[in-house]
Amino acid sequence: MRMIRTVSLMLILFAYSAVSIANEEQLSGGDEFRHTAAQFDKAAAEYMAKGRQDVALLHSRLAEIKRYAASLADENRWGEIDWSEFHMIEKKIAESLYPV
């Protein structure tokens, strides 16, 4: 009888931990994107303080795109994330900071 209780308890704990891990993954799908968006917000503030409003606005837009991607990732809609504008803005930033 004691062994049955022990095995039952182990199964319950295992099932609970599996559900807990699944919920964590589901809730944090876009967390990395949100973290990166915060870094872009910080860069935008720094460029604004340096008088580079043009570059600051581009970084703000990158942050918006990352936050939108985070919302799609949270819903497991990874295939709907479009990075074309993001890459275009990255190119503009590079050209603004390092003109040829």
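**Entry 1: a word I need before H3**

I call a residue buried when its relative accessible area is under 20%, and exposed when that area is over 50%. I keep in mind that this is a predicted model. With that word in hand, I looked up helix H3, residues 53–74. I found Val55, Ala56, Leu58, His59, Leu62, Ala63, Ile65, Lys66, Ala69, Ala70, Leu72 and Ala73 buried there. I then asked what covers these buried residues of H3. The cover includes H2 and H4.

I also checked the length of H3. Its 22 residues reach 31 Å from the first C-alpha to the last, close to the 32 Å expected at 1.5 Å a residue.

**Entry 2: helix H2 and its two sides**

Next I went to H2, which runs over residues 31–49. I wanted to know how its span compares with 1.5 Å a residue. The 19 residues should span 27 Å, and the end C-alpha atoms are indeed 27 Å apart, so the two agree.

I listed the buried residues of H2: Phe33, Thr36, Ala37, Phe40, Ala43, Ala44 and Tyr47. They cover an arc of only 120° around the axis, which puts them on the same side of H2. On the other side of H2 I found Lys42 and Ala49 exposed. The buried residues of H2 pack against H3 and H4.

I looked at Glu32 too, which has its place in H2. Is Glu32 buried or exposed? It counts as exposed because its relative accessibility is 55%, and the cut-off for exposed is over 50%. I noted that Glu32 and Ala73 are 41 residues apart in sequence, while their C-alpha atoms are 9.9 Å apart in space.

**Entry 3: just past the end of H2**

Just after H2, I saw that Gly51 takes a positive phi of about 85°. Beside that spot, I noticed Lys50 and Tyr47: the charged end of Lys50 sits over the ring of Tyr47, 5.4 Å from its centre.

**Entry 4: helix H4**

H4 covers residues 84–97. I read off 14 residues and a reach of 20 Å between its first and last C-alpha, close to the 20 Å expected at 1.5 Å a residue. Phe86, Ile89 and Ile93 are buried in H4. Their arc around the axis is only 65°, so they lie on the same side of H4. The buried residues of H4 pack against H2 and H3.

**Entry 5: the nonpolar cores**

A reminder for myself: in soluble globular proteins, nonpolar side chains tend to be buried together. So I searched for cores. The largest nonpolar core has 13 residues, and Phe40, Leu62, Phe86, Ile89 and Ile93 have the most contacts inside it. The elements that give two or more residues to this core are H2, H3 and H4. Which of them gives the most? H3 does, with six residues.

Apart from this core lies another, of six residues, including Phe33, Ala69, Leu72 and Ala73.

I took a second look at Ile89. Leaving aside neighbours within four places in sequence, Ile89 is in contact with Leu58, Arg61, Leu62 and Ile65.

**Entry 6: rings that pair up**

How many aromatic pairs does a search of the whole structure find? It finds four. I wrote up two of them.

Phe33 and Trp78 form a tilted pair, 6.0 Å centre to centre with 55° between the planes. Phe33 lies in H2 and Trp78 in the loop between H3 and H4, so this pair ties together parts that are 45 residues apart in sequence. Phe33 is buried at a relative accessible area of 15%, whereas Trp78 is partly exposed at 42%.

Trp83 and Phe86 have ring centres 5.4 Å apart and planes at 80°, so I put this pair down as edge-to-face. Trp83 counts as partly exposed at 24% relative accessibility, and Phe86 counts as buried at 6%.

I then followed the pairs further: ring pairs link Phe33, Phe40, Trp78, Trp83 and Phe86 into a cluster.

**Entry 7: a positive phi at Asn76**

Most residues other than glycine have a negative phi. That made me stop at Asn76, whose phi is near 60°, a positive value in a residue other than glycine. Asn76 comes just after H3 and is found in the loop between H3 and H4. Its relative accessible area is 60%, so Asn76 is exposed.

Technical notes
Residues are numbered from 1 along each chain as its sequence is written. This is a predicted model: local features need pLDDT of at least 70, side-chain atom pairs count only at pLDDT 80 or more; totals for chains, interfaces and linings use all residues. Side-chain values use heavy atoms; hydrogens and water are left out. Helices (H or I, at least four residues) and strands (E, at least two) are DSSP runs, numbered from the N terminus. Buried means under 20% relative accessible area, exposed over 50%, partly exposed in between (1.4 Å probe, protein chains only). A nonpolar core is a set of buried Ala, Val, Leu, Ile, Met, Phe, Trp, Tyr and Cys residues joined through side-chain atoms within 4.5 Å. Contact means heavy atoms within 4.5 Å. Rings of Phe, Tyr and Trp (its six-membered ring) pair if their centres lie within 6.5 Å; planes under 30 degrees apart count as stacked, over 60 as edge-to-face and the rest as tilted. A charge sits over a ring if NZ of Lys or CZ of Arg is within 6 Å of the ring centre and within 35 degrees of the ring normal. The expected span of a helix is 1.5 Å times one less than its number of residues. The arc is that of the directions from the helix axis to the C-beta atoms.
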